[in-house]
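Trainee: I am new to this structure and would like a close look at one part of it. Could you take me through the side-chain pairs along the helices, slowly and in one connected account?

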Amino acid sequence: MTQASAETDAANIKLVAIENQSFDLVHQGNLPAATQLLYNQEYENQKHFYNEGMRKYITTLQNQIEGSHGNNRQMILAGVIFVSFLGSLIFFSVIAILQMQNRLLEHKRMQRKLEVTDQQLNASNQQLRAIEQQLRASNQQLQAREQQLLSLNHNMNERVKELNG
C-alpha cells in the first residue's frame with residue numbers, strides 16, 4: 001500500500017506542479033503554452049500514474065476492508081473519501097483553468113473589438129478635421145466675396161449719389 005500511495009503522491013505532486021505552471025502561463029497571457037502543458041504527454045503520463053496509483057491504492061484498501069473489522073473499515077473508507085476528494089480537486093482545478101482560458105479569450109476578443117472601434121473613431125475624427133478645414137476655407141472665401149460685394153455696393157452708391165447729385 002505504501003508503494004501505491006507513494007506513486008500516487010509523486011504523480012499528484014507533478015500534476016499540481018504542471019497545473020501551477022499552467023496557471024502562471026495563463027496569468028502571463030500565454031494561453032497556448034498553458035493549454036499545451038495540460039494536453040502534453042508528460043501531463044497525460046502523470047494522470048495515468050496517478051490513476052494507476054489510485055487504482056492500486058483503492059484495490060489495496062478494498063482488500064484490507066474485506067480482511068479487517070470495525071474501526072479499520074471506517075479508516076479505510078475515510079481514505080477512499082480523501083482520495084476521491086483529491087481527484088475532485090484536480091478535476092475542478094482543470095475546470096477552473098479552462099474557465100480562465102475562456103475568460104481570457106473573451107477579453108482578447110473584446111480588446112480586438114475596442115481596437116477596431118478606436119481605429120474607426122480615429123478615421124472619423126480625421127474626416128471631421130478635413131471637413132472643418134474645408135468649411136473654414138469656404139467661410140474665408142465667402143467673407144472675401146462679401147467684402148467685394150460691400151465694396152461694389154459702396155462704389156455703386158457713390159456713383160448714384162454723383163449722378164443724382
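Mentor: What follows is a walk through the salt bridges, then a residue in one of the helices, and finally a pair of rings. Please keep in mind throughout that this is a predicted model.

Let us begin with the charged side chains, for which a search of the whole structure finds five salt bridges; I will take you through some of them. In one of these, the side chains of Glu52 and Arg55 come together with a nitrogen-to-oxygen distance of 2.4 Å. The two residues sit in helix H3, which covers residues 41–67, and because they are three residues apart there, about one helical turn separates Glu52 from Arg55. As for their surroundings, Glu52 is partly exposed, its relative accessible area being 25%, and Arg55 is also partly exposed, with a value of 44%.

Moving on to helix H4, which spans residues 71–164, we find Glu106 and Arg109, and since they are three residues apart in that helix, they too are separated by about one helical turn. Their side chains form a salt bridge, with N and O 2.3 Å apart. Glu106 counts as partly exposed at 35% relative accessibility, while Arg109, with a relative accessible area of 34%, is likewise partly exposed.

Helix H4 also holds Arg136 and Glu132, which lie four residues apart, or about one turn of the helix. These residues form a salt bridge in which the closest N and O atoms are 2.8 Å apart, and Glu132 is partly exposed, with 38% relative accessibility.

Returning now to helix H3, where Gln46 is found, we meet another kind of setting. Gln46 is buried, and its relative accessible area is 4%, which places Gln46 under the 20% cut-off for that word. If we leave aside the neighbours within four places in sequence, the residues in contact with Gln46 are Ala10, Ala11, Lys14 and Leu15, so when you turn the model, you can look for these four around the side chain and backbone of that residue.

Last, let us turn to the aromatic rings, for which the count comes to one pair. That pair is made by Phe91 and Phe92, whose ring centres are 5.3 Å apart and whose planes stand at 70° to each other, an edge-to-face arrangement because the angle is over 60 degrees. Of these two residues, Phe92 counts as exposed, at 52% relative accessibility.

Note on methods:
Residues are numbered from 1 along each chain as its sequence is written. This is a predicted model: local features need pLDDT of at least 70, side-chain atom pairs count only at pLDDT 80 or more; totals for chains, interfaces and linings use all residues. Side-chain values use heavy atoms; hydrogens and water are left out. A salt bridge is a side-chain nitrogen of Lys or Arg within 4 Å of a carboxyl oxygen of Asp or Glu. Buried means under 20% relative accessible area, exposed over 50%, partly exposed in between (1.4 Å probe, protein chains only). Contact means heavy atoms within 4.5 Å. Rings of Phe, Tyr and Trp (its six-membered ring) pair if their centres lie within 6.5 Å; planes under 30 degrees apart count as stacked, over 60 as edge-to-face and the rest as tilted.
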